[in-house]
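Welcome! Open your viewer and get ready to make a few selections as we walk through this model together.

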Amino acid sequence: MIYLDYNATTPLCDAAREAMLPYLGRGYGNPSSIHAAGREARVAIDDARDKLAGFLRVKPHEIIFTSGGTESCNLAVLGLARIRSSHAAHIISAKTEHHAVLNAVEHLEKHENIEVTWLNVARDGIVDVDQLANSIRPDTRLVSIMAANNETGVIQPIREISQICRGQGILLHTDMVQAFGKMDVDLSPVDAASFAAHKFYGPKGAGFLFLRSGLTIQPIMFGGAHENERRPGTENVAAIAGMAAAAEWTLRDREREQERQAELRDDLWTRIFKNVPDAKQNGQNAPRLANTLNMSLLGLDSEMLLIALDLEGVCASSGSACMVGSVVASHVLLAMGLPIERARSAVRFSVGKWTTPDEIKAAGDAVGKIVDRLHTRTSAYAVA
């Protein structure tokens with residue numbers, strides 16, 4: 001199997017697995033208990049919080065542990081938007097956001113009478129910063145713009161966006177789920193940021209929200225005083241310990257590894273384009289994550305391509321992995337102004353730590369073989 005879907009999830013690294021094992025065995029205490037077993041679990045959580053805060057150059061109490069990126073995004077968007085809910089409110093977000101933000105904002109718009117401005121993006125996927133500046137109103141409460149897109153890898157100008165928001169006293173949340181371990185993560189320009197462990201070789205079911213010190217957030221769940229009364233529920237001790245270990249492991253050689261992954265990504269594109277000259281890269285003119293290649297094979301259907309790739313032993317995606325197996329035209333590519341035919345023929349390849357040059361060669365050859373076969377079949381049907 002050739003796994004080229006690292007943006008969907010990453011394999012668990014050995015460092016994370018080893019950090020988790022003690023808390024899947026003897027370290028089973030509830031971290032809220034005051035006895036020795038509970039204190040042992042609490043120490044593991046405190047150590048993980050301190051480590052993550054150190055990596056991100058923030059304060060430990062600014063880290064809120066969650067069940068993953070989706071909950072982190074929901075907590076930020078809903079929790080910050082609902083503060084002072086008796087007042088009129090306005091939120092700004094982009095049409096290319098992950099559904100964890102997109103659907104949370106849509107819920108506020110439809111059910112809680114919060115007005116929303118949806119920012120357009122250019123054909124390269126970069127948000128319209130001028131539209132953002134012109135959309136701010138006296139009642140604007142929150143702006144939520146992702147740092148790096150999960151489908152295209154396009155990196156947004158968060159520092160420029162922050163300058164606009166801070167100049168008007170507006171809170172800024174950013175979805176950094178795809179960013180951690182792939183680019184320099186600087187939290188100084190933002191007020192809140194969301195992360196997920198399984199995107200950087202940690203376990204699924206663990207994540208965290210950075211919330212700047214001094215900010216108030218309204219919980220979106222109830223039932224306990226955990227996480228300083230911001231997120232109730234017994235913490236997933238093993239997963240949190242694994243997440244911190246995975247973060248340390250990922251950051252150890254980040255710059256060198258991203259250079260290697262960029263070479264692999266570009267080599268894959270070169271091989272595919274050589275075999276399929278009418279292939280189109282999506283978002284290629286914008287700053288992008290080093291590991292992400294989003295391309296359209298015109299005239300072919302994404303679902304058909306993914307099935308054919310799977311039969312050749314290549315794991316890829318058509319975009320977000322959070323749509324329960326559905327393959328639909330990407331809302332991200334459509335928001336970029338690409339034709340529906342191009343959006344429906346898009347495939348995302350995302351490489352990672354264990355991707356090899358031989359796998360890239362085999363994947364490029366597989367795409368060429370599949371396209372030749374599908375085009376031949378399509379032509380035969382047309383003649384018939």
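**Where two helices meet**

Start by selecting these residues of helix H2: Ala41, Ala44, Ile45, Ala48, Lys51, Leu52 and Phe55. Then add their partners in helix H8, which are Val237, Ile240, Met243, Ala244, Ala247, Glu248 and Leu251. Try colouring your selection by residue class: this contact of H2 with H8 holds twelve nonpolar residues, two charged ones and no polar ones. Keep in mind as you look that this is a predicted model.

Next, show both helices in full, selecting residues 36-56 for H2 and residues 237-251 for H8. How do the two axes lie relative to each other? They come within 9 Å and cross at roughly 30 degrees. Angles under 35 degrees count as roughly parallel, so H2 runs roughly parallel to H8. Turn the view to look at the crossing of H2 and H8, and you will find that it is left-handed.

**Stepping back**

Now select the whole protein chain and switch to a cartoon view. How many helices and strands are there? The secondary structure comes to 13 helices and twelve strands.

Show the C-alpha trace next: along its principal axes it spans about 75 × 55 × 35 Å. The protein chain has a radius of gyration of 22 Å, which agrees with the value near 21 Å for a compact globule with 384 residues.

Finally, colour the protein chain by burial. Of its 384 residues, 57% count as buried. If you draw contacts between residues at least 6 apart in sequence, 74% of them join residues at least 24 apart.

Methods:
Residues numbered from 1 in each chain as written. Predicted model: local features only at pLDDT ≥ 70, side-chain atom pairs only at ≥ 80, totals over all residues. Heavy atoms only, no water. Axes fitted to C-alpha atoms, helices over the stretch in contact; angles between N-to-C directions. Helix = DSSP H or I, 4+ residues; strand = E, 2+ residues; numbered from the N terminus. Parallel < 35°, antiparallel > 145°, perpendicular 65-115°, else oblique. Left-handed = near helix turned anticlockwise from the far one by under 90°. Contact = heavy atoms within 4.5 Å. Nonpolar A, V, L, I, M, F, W, Y, C, P; charged D, E, K, R; others polar. Rg over C-alpha atoms; globule rule 2.2 N^0.38 Å. Buried < 20%, exposed > 50% of the residue type's maximum accessible area, 1.4 Å probe, protein only.
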